[in-house]
8 protein chains.
Amino acid sequence: MTLEEITISRAIISDHMETLLDYMEMDVAVVGGGPSGLVCSALIAEKGYKVGLIEKKLSIGGGMWGGGMMFPRIVVQEEARRLLDRFHINYSEFSSGYYTARSIEAVSKLTAAASDAGVEFFNLTTVEDVMVKGDGVLSGLVINWQPVEATGLHVDPLTLACKITVDATGHDAVISHQVAKKCGKPEIKGEGTMWAENAETAVVSHTKEVFPGLYVCGMAANAVLGGHRMGPVFGGMLLSGEAAALQIVNRL
Amino acid sequence: MTLEEITISRAIISDHMETLLDYMEMDVAVVGGGPSGLVCSALIAEKGYKVGLIEKKLSIGGGMWGGGMMFPRIVVQEEARRLLDRFHINYSEFSSGYYTARSIEAVSKLTAAASDAGVEFFNLTTVEDVMVKGDGVLSGLVINWQPVEATGLHVDPLTLACKITVDATGHDAVISHQVAKKCGKPEIKGEGTMWAENAETAVVSHTKEVFPGLYVCGMAANAVLGGHRMGPVFGGMLLSGEAAALQIVNRL
Amino acid sequence: MTLEEITISRAIISDHMETLLDYMEMDVAVVGGGPSGLVCSALIAEKGYKVGLIEKKLSIGGGMWGGGMMFPRIVVQEEARRLLDRFHINYSEFSSGYYTARSIEAVSKLTAAASDAGVEFFNLTTVEDVMVKGDGVLSGLVINWQPVEATGLHVDPLTLACKITVDATGHDAVISHQVAKKCGKPEIKGEGTMWAENAETAVVSHTKEVFPGLYVCGMAANAVLGGHRMGPVFGGMLLSGEAAALQIVNRL
Amino acid sequence: MTLEEITISRAIISDHMETLLDYMEMDVAVVGGGPSGLVCSALIAEKGYKVGLIEKKLSIGGGMWGGGMMFPRIVVQEEARRLLDRFHINYSEFSSGYYTARSIEAVSKLTAAASDAGVEFFNLTTVEDVMVKGDGVLSGLVINWQPVEATGLHVDPLTLACKITVDATGHDAVISHQVAKKCGKPEIKGEGTMWAENAETAVVSHTKEVFPGLYVCGMAANAVLGGHRMGPVFGGMLLSGEAAALQIVNRL
Amino acid sequence: MTLEEITISRAIISDHMETLLDYMEMDVAVVGGGPSGLVCSALIAEKGYKVGLIEKKLSIGGGMWGGGMMFPRIVVQEEARRLLDRFHINYSEFSSGYYTARSIEAVSKLTAAASDAGVEFFNLTTVEDVMVKGDGVLSGLVINWQPVEATGLHVDPLTLACKITVDATGHDAVISHQVAKKCGKPEIKGEGTMWAENAETAVVSHTKEVFPGLYVCGMAANAVLGGHRMGPVFGGMLLSGEAAALQIVNRL
Amino acid sequence: MTLEEITISRAIISDHMETLLDYMEMDVAVVGGGPSGLVCSALIAEKGYKVGLIEKKLSIGGGMWGGGMMFPRIVVQEEARRLLDRFHINYSEFSSGYYTARSIEAVSKLTAAASDAGVEFFNLTTVEDVMVKGDGVLSGLVINWQPVEATGLHVDPLTLACKITVDATGHDAVISHQVAKKCGKPEIKGEGTMWAENAETAVVSHTKEVFPGLYVCGMAANAVLGGHRMGPVFGGMLLSGEAAALQIVNRL
Amino acid sequence: MTLEEITISRAIISDHMETLLDYMEMDVAVVGGGPSGLVCSALIAEKGYKVGLIEKKLSIGGGMWGGGMMFPRIVVQEEARRLLDRFHINYSEFSSGYYTARSIEAVSKLTAAASDAGVEFFNLTTVEDVMVKGDGVLSGLVINWQPVEATGLHVDPLTLACKITVDATGHDAVISHQVAKKCGKPEIKGEGTMWAENAETAVVSHTKEVFPGLYVCGMAANAVLGGHRMGPVFGGMLLSGEAAALQIVNRL
Amino acid sequence: MTLEEITISRAIISDHMETLLDYMEMDVAVVGGGPSGLVCSALIAEKGYKVGLIEKKLSIGGGMWGGGMMFPRIVVQEEARRLLDRFHINYSEFSSGYYTARSIEAVSKLTAAASDAGVEFFNLTTVEDVMVKGDGVLSGLVINWQPVEATGLHVDPLTLACKITVDATGHDAVISHQVAKKCGKPEIKGEGTMWAENAETAVVSHTKEVFPGLYVCGMAANAVLGGHRMGPVFGGMLLSGEAAALQIVNRL
């Protein structure tokens, strides 16, 4: 065959545009591509729902790439070991109940699993605002290109519709803050001090619907509901993503 | 179990430090975590060699995350389809001989495969300089943290030893330029105009040892040896990574 | 009717994507949306050719918006008055042979005329490189989003095909420099001192094909072929755009 | 004729300065050159009033240039189709009641129409403050060059007088905020969530006098009076500009 | 001997990593390497306690390097002269009771003394957050690399444990603010106007435990408890560091 | 005593200004406060000569603070161990002939020793240019405040006279480059690749007078005379500083 | 004579340092070198008092250099014409009671007059804080170099004593804000809308002591006491400076 | 009288615009408002010629404001003392033949004198290019607003005509470089090392016509003709300005 540049260009535009048009309406929009958002989106998509994961950065994975202080390792506790197994992430035991894994392996396998489960990724995409109509339910997201926002260009966003939104944006809880600012709730309690034990438990119990149509998971759950901070132990993050998925699948 | 923050911190430091001390001497250092570097490192590590992949960014994957013009799709031509299969990357045929894949799936699966093959990743790490002693062979790299460089801090680098270095740093061919500046060769011919057909063939034939101990692959091969530019078709990149791996394994 | 946000989003994506796919192959690509590029593209499109105008900024019009030193007025001399008439731009006589017009009226009417003539605009788009294959003819452009370039993101470009390219990028003569750097020609002579009389004549005589498939017009013509500089008198710019259009239409 | 650089310079300075001196007193000052400001200013000027449009950027057109997410298309609904016709903007029907137009054509034709109607443009001009004297009526604007503001230079502004001011500065509602900060009113309710249907209706009903001498139109109307957000559908914007013009013409 | 680069690298990594692992638990963490933090840490370490000094900058010494307005001299009053003697810092009498010393000599000798006393330094390290568990005691610090923070990278921190924390971060009283924000206390009264006489006395009397496990010394003491400001007289700073050391040693 | 702010201010100004006026003429100006500059200046001052050390940063110590890759440890080889002893820097043996020391202890003790030897420090001071009169000897330095240079202020420098200048500015060899640019010599050969063994030997043999009145030591010696690079082993640096001091003392 | 660089350096240092030491105590410190500060300081110094003018920029003159919108002209009304005469500033009558002067002439003559009157200038100097001791009187200023502040260096300030301070810092009323923040008063009412007539009268009546030892004049008077804004008419500014001088001279 | 904001605005615009139109043709354009440019322009204007001084900064005075290293004093040697007298600048003798003056007094009196002599100032104005027509004589300057250049706006410049241009732009010799780049001459030799004695003599002898229509004075003379550097002694600068004026007056 002779390779044609223009065919290549058209293949890329055409293939993605069909997806983009299709995903203007989806079942679940997960915002934030860190570990909890990846687990959550993968487990929902596995059930056959149409899930889009929206991430402002170019790469997927959030804060997991850097491990702790640039040492690319993460720790997962006993309770969440089964999720490492599920996603085929290798680990070794450091001391009783503490397992270390390589952060880059973990993030790439979670991403690959979400992709295989059918999640569509929209990277370099920011959520500028939310769509809440007369029924008071969060029913869509107002999105734009991240480089447009970063360069301060005056370019209008587009809107996509989703039945459920998951705020998996970490400490900043971006979607929850936008909803709170425009609609007066949910109350944002803010994250507490470092206390890993307590934070790990709380992040799962705080994983819930905080506004009609809006779920929080991962550190965003603790940031909205006032949990503690946990540091580079990722068991709670994975379990929170799983918990959100279960709740959402039950409801859909 | 009760979760202890300090045990978590020690697990991370201790686990990575053992690796870091160990990898101060390695068989092959691949610089640049784009598609050719990933394929190259994975295939060498599969043969049991000790391979480290050094990447300046926080995330692995290079230019593959963004597809073409932020449309997250890549194109692979017939010749390289077998590599998509090998790395379990899904694709669909756009027109005869042109296959589209999702860029985020592709990058995460290549990274996961390299990790499973035993590659160790050193992200957020820049190569400041090279080690060439009296025998005129590139025998090590002078590395530093990328954030140290980005903030202009005056902090000394460390040195690691490697039998073979692979310059997979793309258009910039960073290692080749450093060697050329300090040692007077190889000649850097510079990349030509866009001509995908020609570039795809050249990138494989240009994959070779260009200085004692230094191989080039991916776009760095075309940049050093004067090939054309190819755009978002990735067959040649994958094949170049494979070709470099074969040459290096034959030699080790 | 009830207004649906998602229909609005889909209308925009769908409408533009059809155009984008269609314009991956065009007759003439005019790079630079200043006055000479606008006149050139409008006059070629009027003849029924498929013309795309590529502009890196968000707005079309180039240096014409600001008049001279932020006083939004331009001057056109007698020789080009007929082009003001043709594009329905109002003017008044300042002194014999010197006509002043409002710069904002001029730029908006030139843009509207190009649009009515069938020109398609691709704004916020940069040309990263050129496509020159074995026949040595400039046959396409390597494009990317300007905000991607401005934020330094590592995202691959796409390629579009065109029979003829017009470099109307002003003083910088961007396309001519890219071709010169990669192919060794044309020679870039550089712009001379301010000498309006001489520059106005030269800009028309310098309007020509400077490399197979590449025409220059407007200030880029003087920058490549060594003409003088002209300042905020726009007669020569308009006439140069017209001259380029005539030459290209004759050839197509 | 021989072209004289100095005559060109004098023509530009002299022509604009007469305008500038003349427009130190005007009937209506429209601040913000987006679609609602353009329609509003054009329709008032058509009636013979002295209208100045003040825009901080170099180009006129505001957020319309970029369409939605850099896809240069806008949507207009049935109710506002007659305004597309009035301004000779071409469109096509996407689905029942939804018309798509090219954003660049739209903005250039609105600007050209305003110019033909007699509007004077003052681009690169910021409004630093407002003039409100003892009668409590907004009777003038304190203006400066935008580049002076952008470079943080300490340069005093000038003041111009106007009978009516229109705040067409979009989401930021700049003039309304300045008046509110200095005079304690109007109350700024802030923009709501995305809800196109509701927003499109509200933007017209919110178009009104919000402080003696100050009207709001376009997104500034919704920002001040608490309407929803609309995205890249422009019917309401055009109708709001028309509504403001009607109210102001009735009063003058 | 033959010098081996890799042995050098391993020596550095290995030596520091043992320290780092060891100091994940320490008796006292002093945050801030200015004069009061240096004196405090030196005097506690002299008693045999395990003390770590955490400093965000590359160099130790804080505001002492620059003297007053870049004239590298400090002044110490009679009351604190004995501390200059203790740390072998040379001085001369300017007028009765006022002694001038060279700021660079002072800072290097305090640092050397702290080092000899057994203090371990962690420079280029920021404290992102604090660890406070169910007992309401400040029992650890959440640390990260300063260049990571400065470049805005999303990299997780690590946690270290300490029985006592000393906030010696100067005017900003960083640790006290973090504790206050997360735990509601201590009240931060803020620093008063310049009044050297009063400030010098207050800085010693304000040196105390302000939250379970948290002591303040140096300007942070005045910033938290509402003392005045003192300028480039350093007697109170040195005495405050000494006072904090005495209180902490008594308690341990 | 009552503490008077104004007396404090006057003490600082008065004490430093006397020094500044005095040091407008000195025997030796050492530029650069890294390890070789510190050793060099200390050893010359010990012999009773008037030595000023000029450093552009706020703190003295150069690249020594950060150890290797932010791990604050340095390595010194057997040959230079006696200099660690001389400056009372503690160390431990890592493997035969390799000694590790804490970088912060090392830098503070070298600085303290230089200060005790009588060296005067001029920190935050840049060298803008050099004074070379008709005899072709470097006889003075043109200095300014570093913050003045950093903020781009147009403020004239002052000039100081010195019999001998030492370029201890590291890789950049700032003074040598300034002299070379203005006077055509010395030739700057540039630093070679990493080769610690060779570099350590060369840095001592390259320590010499390279232009009348100008000596180089430390990495500047290798940068000017074409030696290799050494990394975080500091024996050669200390020995080079010593060698420069010996040569200069012999000559004075 | 033979010109000696070192004598030149010593002359500058020595001459200024004597002044600096002397002015650590002054009668009146005027902060801000705009027109009101210049008139105020000149008129007080004429009476033989020791006056220092502190200005953060390199040049004296404040907002007067740029006239209105970069047209270097100012307007002075009839009431203040006598001050133009007093300072030998040329003017011409534009219309009855309105005099225009060249802004650059005005600022240079005011500065020269202040200098001749004996005012000492301290340019590039910021006021970081104020000195207020137990008697609750503003009795000194805490100063630093502006480039130190601009580069974020951690360098301590010095303190100077003054019997009276004049806040002539314009719209920002810097000193009044610092005093208000630390001492709870004076109340800062903020500047009103543009209303030249009213503002010109108010600026003189608002010129007064607003805190023990602190006077306000020029736009700072209106900013603190709630006057209107005036634009590029300078009569009130000059009269306010005169009024402040009269009040202060009466009191001293 | 009642003060009218609009009259004030019109007075400023009208007064300056007449000047601007008038000075589009002038006898002598002096570029650069430092001491040599001020003396030169003042002495030519005194003879009745039409002189414009073009300065890119907001304030006039160049490098004189800051004295030496921010100590606001300058030194003038015996030979130029008469010029201090002529411009009524006070001074005192430091040592035989060395006179110190206050830099702020000096700059304000030179500016005031130039203004009184009839010089028109155009501040915030950059020279983008030069006008050289067929006769090869520099006959005009291409000017723009400095803030336009600083913000990178695409706004066309204007052109003014002058019989003689004086390059008084200091070390950068901006005009000479522009002419050399476009016309191939004059040769720019570059400034030598610091050597005040030699530089002071050379700056006067180098003051001359270096291209038809272009004179250099002050540091630009030494930068173009290869003289030495002088530092903060200003006698040569003043004498050079005088010498240029004499030569130009003789020719006009």
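This is a short dialogue on how to read several features of a predicted model.

Visitor: Which conventions should I keep in mind here?
Guide: Residues are numbered from 1 along each chain as its sequence is written, while chains are lettered from A and ligands numbered from 1 in the order in which they are written. In this predicted model, local features need pLDDT of at least 70, side-chain atom pairs count only at pLDDT 80 or more, and totals for chains, interfaces and linings use all residues; side-chain values use heavy atoms, with hydrogens and water left out.

Visitor: What is the mean pLDDT of chain A?
Guide: pLDDT is the predictor's confidence in each residue, from 0 to 100. For chain A the mean is 97, with 100% of its residues at 70 or more. For the complex, the predictor gives an ipTM of 0.97 and a pTM of 0.97.

Visitor: How many degrees of rotation superpose chain B on chain A?
Guide: In general, two copies of a chain are related by a rotation about an axis and a shift along it. Copies are superposed by least squares on the C-alpha atoms of residues with pLDDT of at least 70 in both. Here a rotation of 180° with 0.0 Å of shift along the axis brings chain B onto chain A, at an RMSD of 0.0 Å. That is the relation of a two-fold axis. Among residues of chain B, Ser108(B) comes closest to the rotation axis, its C-alpha lying at 2.3 Å.

Visitor: Where does UniProt place the feature "binding site"?
Guide: UniProt positions are given in the numbering used here, feature names are shortened, and annotations may be inferred rather than shown by experiment. The unreviewed entry places "binding site" at Arg229(A), and an annotation of that name also covers Asp156(A) and His171(A). Those two span 16 residues in sequence, and their C-alpha atoms are 27.1 Å apart, so they do not gather at one spot.

Visitor: Is Asp156(A) buried or exposed?
Guide: Buried means under 20% relative accessible area, exposed over 50%, and partly exposed in between (1.4 Å probe, protein chains only). Asp156(A), at 13%, counts as buried. Arg229(A) is buried too, at 10%, whereas His171(A) is partly exposed at 34%.

Visitor: What does His171(A) touch?
Guide: Contact means heavy atoms within 4.5 Å. Leaving out residues up to four places away in sequence, His171(A) touches Glu191(A), Met219(A), Ala223(A) and Arg229(A). With that same exclusion, the contacts of Asp156(A) include Asn144(A), Gly63(D) and Phe234(D).
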